[in-house]
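Biologist: Could you take one part of this model and look at it closely for me, setting it within the chain as a whole? I am in my first year, so please go step by step.

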Amino acid sequence: MFPISDVVSLPNHKLLSGGEVNPRAKNYKIPKVEFFKVKTSEGIEMDGWMVKPTNFDPAKKYPIVFYVYGEPASQTVVDRFGAGFNRLYKGSMADDGYIYISVDGRGSPAPKGREWRKSIYHRIGDINIKDQAMAAKEILKWPYVDANRVAVWGWSGGGSSTLNLMMQYPEIYKTGISIAAVDNQLNYDNIYQERYMGLLPEDKHYFVDNSPLAHAKNLQGNLLLIHGTGDDNVHYNNAEQMINQLIKYDKTFQLMIYPNRTHAISEGEGTGAHLASTYTKFLRENCPPGGK
């Protein structure tokens, strides 16, 4: 469940072949990122970044979109070029009136000591999800955040976290976009999963109980599942297991399958643009932008 970084596809390649300036680079606006800290009710202090709407009015309430990874392989909250950029949103989230935000919980490779890092052992899908949700509860107390328009999205391990957040904390997250998620931890590479979750068969219950598949019956919000059938990292069978589980519990959802695309969902003419259009349309329809 290694992350698909928001940084890798930034339009920062300024020159095309022959020295021509890339038109996307000409028009690209670097998001104005604010870094902050939030402390949960359990006393866990988490780092975060936020991009506020361009014409921010503190007297209004804005929809909020959480970008999540949540796995021990990577952080999302880092002070580097690309922080706060959403490569899947067509247009400008800030100009359209979204608060875009991300926080890092326990288990992430932040320089916060052994206890912070080791706490996730046996608990992927548990402690990392709880930290995200508890941080969100505090953030939703901010006067300019609309608690009725709350979305979350992620890719790979972030897709798994998105599902767990939607299904374990449906009272918080109303809309979710899950891309290339590990729906059942028993499906994933043992070199990664056993490192953090223990060995089979004695630790099987950790894999099962903390997988999104175990919580599908609790889905209440608007969910979009996206997966490539040729995914060579998180195999497509993950998506089929989740689809069957959601059908079993009569949970309606949206589904976008990309034939023969790998984990990056980048192969094929027009794929990137179509993925961005699908993402943007679903988000705008289910978590409408703009201050109120």
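Modeller: Before the close look, a word on charges: Lys and Arg are counted as positive and Asp and Glu as negative, while His and the chain ends are left out. Counted in this way, the chain has 33 positive and 31 negative charges, and the mean positions of the two groups are 5 Å apart. Please keep in mind throughout that this is a predicted model.

The part I have chosen is helix α4, but the whole chain comes before it. The chain has 9 helices and 8 strands, and its C-alpha atoms fill a box of roughly 55 × 45 × 40 Å along the principal axes. A compact globule of 292 residues would have a radius of gyration near 19 Å, and because the chain has 18 Å, the two values agree. Buried residues make up 54% of the 292 residues, where buried means under 20% relative accessible area. Among contacts with a separation of 6 or more, 77% are between residues 24 or more positions apart. The accessible surface comes to about 13100 Å², and 50% of it belongs to carbon and sulfur atoms.

Now to α4 itself, which covers residues 127-139. At 1.5 Å a residue, its 13 residues should span 18 Å, and the end C-alpha atoms are 18 Å apart, so the expected and the modelled span agree. Of these 13 residues, 11 are buried, and therefore the helix is largely enclosed by the rest of the structure. The buried residues include I127, I129, M134 and I139, and charged residues such as D131 and E138 are also among them. What do these buried residues pack against? Their partners are the strands β1 (33-39), β2 (45-51), β3 (62-67), β4 (99-104) and β5 (145-155), together with helix α5 (157-168).

One of those partners, β2, holds G48, a residue that counts as buried because its relative accessibility is 1%. Leaving aside neighbours within four places in sequence, G48 is in contact with E34, F35, F36, V77, S102 and V103. Far along the chain from G48 is H263, 215 residues away, and the C-alpha atoms of the two are separated by 27 Å.

The loop that leads from α3 (114-118) to α4 contains H122. Its phi is near 70°, a positive value in a residue other than glycine, and at 16% relative accessibility H122 counts as buried. I265 also has a positive phi, of about 45°, although it is not a glycine. This residue lies in the loop between β8 (254-258) and α9 (271-286), and I265 is buried, with a relative accessible area of 2%.

Two further places complete the picture. S178 lies in strand β6, residues 175-179, and is buried, with a relative accessible area of 1%. Beyond its neighbours within four places in sequence, S178 is in contact with G154, G159, T162, L163, L223, L224, L225 and I226. Finally, the peptide bond joining L200 and P201 is cis, with an omega of about 5°, and P201 is placed in the loop between α6 (190-197) and α7 (204-209).

Notes: Residues are numbered from 1 along each chain as its sequence is written. This is a predicted model: local features need pLDDT of at least 70, side-chain atom pairs count only at pLDDT 80 or more; totals for chains, interfaces and linings use all residues. Side-chain values use heavy atoms; hydrogens and water are left out. Helices (H or I, at least four residues) and strands (E, at least two) are DSSP runs, numbered from the N terminus. The radius of gyration is taken over C-alpha atoms; the globule rule is 2.2 Å times the number of residues to the power 0.38. Buried means under 20% relative accessible area, exposed over 50%, partly exposed in between (1.4 Å probe, protein chains only). Contact means heavy atoms within 4.5 Å. Accessible areas come from the Shrake-Rupley method with a 1.4 Å probe; for residues, only the protein chains shown count as cover. The place of a charge is taken as NZ of Lys, CZ of Arg, CG of Asp or CD of Glu. The expected span of a helix is 1.5 Å times one less than its number of residues.
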